[in-house]
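Here are some short exercises to work through with the model open in your viewer. Try each task before reading its solution.

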Amino acid sequence: MFLNFRPDETFARELDRADELADFRTHFHFPVNPATGKLQLYFCGHSLGLQPVAARQAVLTELDRWASLGVAGHFTPPHPWADYDADLRPLVAELVGAQPDEVALANGLTVNLHLLLASFYRPTRERFKILMEARAFPSDRYAALSQAAFHGFDPREAVVEMRPRPGEDLLRTEDMLEQLEREGDQVALLLLGAVNYATGQFFELAPLVAQARAKGCVVCIDAAHAIGNVPLALHDWDVDCAVWCHYKYVNASPGAVGGYFVHARHAQRFDLPRFVGWWGHRADTRFLMPDTYELAAGAAGWQLSNLPILSLAALRASLDLFHRARMARLRAKAVRLTAYALALLDGLPLQLITPRDPAARGGQLSWRVPEARPLAAWFQEQGLIVDVREPDILRMAVAPLYTSFHDVWQLAQVWRNRLATT
């Protein structure tokens, strides 16, 4: 991974000088430590990405257009609000491995999940279970439980978890496949996070999706911790639907508008039950306000309301950076950054719960540590931002658009010094 690896600071600087993505760091604002006035090192992109420098002007531009154009802004170039997402959907499609008509930008992650499950979770007495990973992101679990109850099933029986083996933190692909084979005839829906939020494990989605579909299960992927983090191929994997947010690795602002995917084979499935709103009407006749509802084809047919322009403006600023950087290069750097962190921290008394295999993890490393929250607070006092998931998981993420090798070296040095003095 690293030719002639050395743990010294000079080597970190050499890695940064050789990094073809290093200049992208200048396109982001870093938080300031109020005690020292210095910029903080940021390892929390798995929770909230940093603000792109261009985001402010992108939002101000739309505010100015609103001020000067009023309602005419809906149809005035260069980015008329009525069609504001037209050139954003292809950029998002690049990040999730989809066709542009398979993605839409709307709502928040869990709202989109419920809207899609209204169509794709169609339980019967014989096939009613929702299979998901243990310790999925809580919102996914809450949604699954409530969907089962809404359809009249006992959530305790309907929601089934895939659990690691005793004494292990990670799910093994062979165990997940075996459970799908064993229980798949009763499973209506496989609901799986592409990257687990707690451990950072990147699941082997291709064989899992193939197995689920062979057993007759619908597949829905939560890509919240995967988009902008790892390469995705939602179309080629033959996933039925997927949801995600844009405020983590995609850096689109707190609570930014979410996104979702519906596979092209469902594009003309107008028979699928769904909740509808006027923005899911065919775009060419939407503003004629007809009495008869005509669904738009593709993912657009699940939209409800018109677009949140200011949120999309901030997203535009970040997507432009991703498009220029290219996901393949970002993934390669993330692998090197996490490998570098592990090389610097190996030998310390730390319990890593993220896979050591680079192919099985995203740009996140998680450790099980005693008193995780006080440790994260101490890191912040040192000018490094990480986070905690209760009760004892310390998480750090690298974001290759703005994380440098020297950032990682500094984190490792601070942690080493802490362990040496305690």
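A disulfide here is a pair of cysteine sulfur atoms within 2.5 Å. Keep in mind that the model is predicted.

**Exercise 1.** Find how many disulfides this rule gives.

*Solution.* Start with cysteine 44: the closest cysteine sulfur, in cysteine 245, is 13 Å away, too far for a bond. Next take cysteine 220, whose nearest cysteine sulfur, that of cysteine 241, is 3.5 Å away, and which is in no disulfide. The count by this rule comes to 0 disulfides.

**Exercise 2.** Decide whether cysteine 44 and cysteine 220 are buried or exposed.

*Solution.* Buried means under 20% relative accessible area. Cysteine 44 has 8% relative accessibility, so it counts as buried. Cysteine 220, at 0%, is buried too.

**Exercise 3.** Describe how helix 11 and helix 13 are arranged.

*Solution.* The axes of helix 11 (residues 327-345) and helix 13 (residues 405-420) come within 9 Å and cross at roughly 25°. Angles under 35 degrees count as roughly parallel, so helix 11 and helix 13 are roughly parallel to each other. Their crossing is right-handed. Among the residues in contact are Leu337 and Tyr340 of helix 11, and Trp409 and Trp415 of helix 13. By class, this contact has 10 nonpolar, no polar and 3 charged residues.

**Exercise 4.** Do the same for helix 7 and helix 8.

*Solution.* Helix 7 (residues 173-183) and helix 8 (residues 205-214) have axes that come within 9 Å and cross at roughly 5°. Helix 7 is therefore roughly parallel to helix 8. Residues that meet include Met176 and Leu180 in helix 7, and Leu208 and Gln211 in helix 8. Sorted by class, the contact of helix 7 with helix 8 has 6 nonpolar, 2 polar and 1 charged residues.

Notes. Residues are numbered from 1 along each chain as its sequence is written. This is a predicted model: local features need pLDDT of at least 70, side-chain atom pairs count only at pLDDT 80 or more; totals for chains, interfaces and linings use all residues. Side-chain values use heavy atoms; hydrogens and water are left out. Axes are lines fitted to C-alpha atoms, for helices over the stretch in contact, and angles run from 0 to 180 degrees between N-to-C directions. Helices (H or I, at least four residues) and strands (E, at least two) are DSSP runs, numbered from the N terminus. Angles under 35 degrees count as roughly parallel, over 145 as roughly antiparallel, 65 to 115 as roughly perpendicular and the rest as oblique. A crossing is left-handed if the near helix is turned anticlockwise from the far one by less than a right angle, and right-handed if clockwise. Contact means heavy atoms within 4.5 Å. Ala, Val, Leu, Ile, Met, Phe, Trp, Tyr, Cys and Pro count as nonpolar, Asp, Glu, Lys and Arg as charged, and the others, Gly among them, as polar. Buried means under 20% relative accessible area, exposed over 50%, partly exposed in between (1.4 Å probe, protein chains only).
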